[in-house]
Amino acid sequence: MKKVAGFSLTDVIVTMIISLLIIGIAFSVFRITYNQLFNYQMDNQTYKDLYMLHLSLLDDFSQAEQIDVNNEIIKITFFEKVCQYTFNNNIITRQINNVTDTFKLTTSEYNTLFQDNKQIHGTIDELTFNIIMNNTIYPYKFIKQYPSKFEISNNH
């Protein structure tokens, strides 16, 4: 009888164990990398929402003719259109011309400063709130400066 050259059962088992270890390590590295990428994408989306909200509020406050508030709804009046912001704990919405933008941001300490300081609703001069992201608080403050009103009297 002739012996055929080949691998023994021990060689095959050792090779399979080494292969399983390498595949396990590769899968663990893939899972860690995937989790980091997923977290990066979520943070990136949150910062994008924050940036877009900041630009929107800055633009709307600067162009507004009048800014009114009732509860947590801010109504910004432009020349021929109205923009409305609604502040909830985890979502801020902006509605203008039948288009709604949603910003998924956690807010706290929402405050408004009125022209007459002791009001609940009416025309506001200032909006302040905090955004909470990754256990960090980012304070925001938007101020509307209305044009001065001059009254001319006929009394000499």
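Here are some questions and answers about this predicted model.

User: Let's start with helix 1. What span from first C-alpha to last would be expected for helix 1 at 1.5 Å a residue?

Analyst: Happy to begin there! Helix 1 has 55 residues. From its first C-alpha to its last, the helix reaches 80 Å. That is close to the expected value, which is 81 Å.

User: Which residues of helix 1 are buried?

Analyst: An α-helix has 3.6 residues a turn, so residues three or four places apart point the same way. With that pattern in mind, look along the helix for side chains that are hidden. The buried residues in helix 1 are Asp 49, Leu 50, Leu 53, Ser 56, Leu 57, Asp 60 and Phe 61.

User: Which strand gives the most to the largest nonpolar core?

Analyst: The largest nonpolar core has 26 residues, and those touching the most other members are Leu 53, Ile 74, Ile 76, Tyr 85, Phe 129 and Ile 131. Helix 1 and several strands each supply at least two residues of this core, including strand 1, strand 2 and strand 3. With five residues, the element that gives the most is strand 7.

User: Is Asp 60 buried or exposed?

Analyst: Asp 60 has its place in helix 1. Its relative accessibility is 3%, and the cut-off for this class is under 20%. Therefore Asp 60 counts as buried.

User: Which residues is Asp 60 in contact with, leaving aside its neighbours within four places in sequence?

Analyst: A good place to look is Ile 76, one of the residues touching the most other members of the largest nonpolar core. Leaving aside neighbours within four places in sequence, Ile 76 is in contact with residues including Asp 60, Phe 61 and Tyr 85. Seen from Asp 60, with the same neighbours left aside, the contacts are Ile 76, Phe 78, Cys 83, Tyr 85 and Arg 94.

User: How many residues apart in sequence are the parts that Arg 94 and Asp 60 tie together?

Analyst: Arg 94 forms a salt bridge with Asp 60, and their closest N and O atoms are 2.9 Å apart. Arg 94 lies in strand 4 and Asp 60 in helix 1, so the pair ties together parts whose separation in sequence is 34 residues.

User: Which residues do salt bridges that share partners join into one network?

Analyst: A search of the whole structure finds three salt bridges. One of them links Glu 126 and Lys 141 through their side chains, at 3.9 Å from N to O. Glu 126 is in strand 7 and Lys 141 in strand 8, 15 residues apart. The residues joined into one network by salt bridges that share partners are Asp 60, Arg 94 and Asp 101.

User: What is the relative accessible area of Asp 101?

Analyst: Asp 101 forms a salt bridge with Arg 94, the closest N and O atoms being 3.3 Å apart. Arg 94 is buried, with a relative accessible area of 12%. Asp 101, on the other hand, is partly exposed, and its relative accessible area is 28%.

User: Which side chains does the side chain of Thr 123 make polar contacts with?

Analyst: Thr 123 is found in strand 7, and at 18% relative accessibility it counts as buried. One polar contact of its side chain has a distance of 2.9 Å, and another has a distance of 2.8 Å. In that order, the partners are the side chains of Gln 66 and Asp 68.

Conventions:
Residues numbered from 1 in each chain as written. Predicted model: local features only at pLDDT ≥ 70, side-chain atom pairs only at ≥ 80, totals over all residues. Heavy atoms only, no water. Core = buried A, V, L, I, M, F, W, Y, C linked by side-chain atoms within 4.5 Å. Buried < 20%, exposed > 50% of the residue type's maximum accessible area, 1.4 Å probe, protein only. Helix = DSSP H or I, 4+ residues; strand = E, 2+ residues; numbered from the N terminus. Contact = heavy atoms within 4.5 Å. Expected span 1.5 Å × (residues − 1). Salt bridge = Lys/Arg side-chain N within 4 Å of Asp/Glu carboxyl O. Polar contact = N/O pair within 3.5 Å; in protein donor to acceptor, adjacent residues only side chain to side chain.
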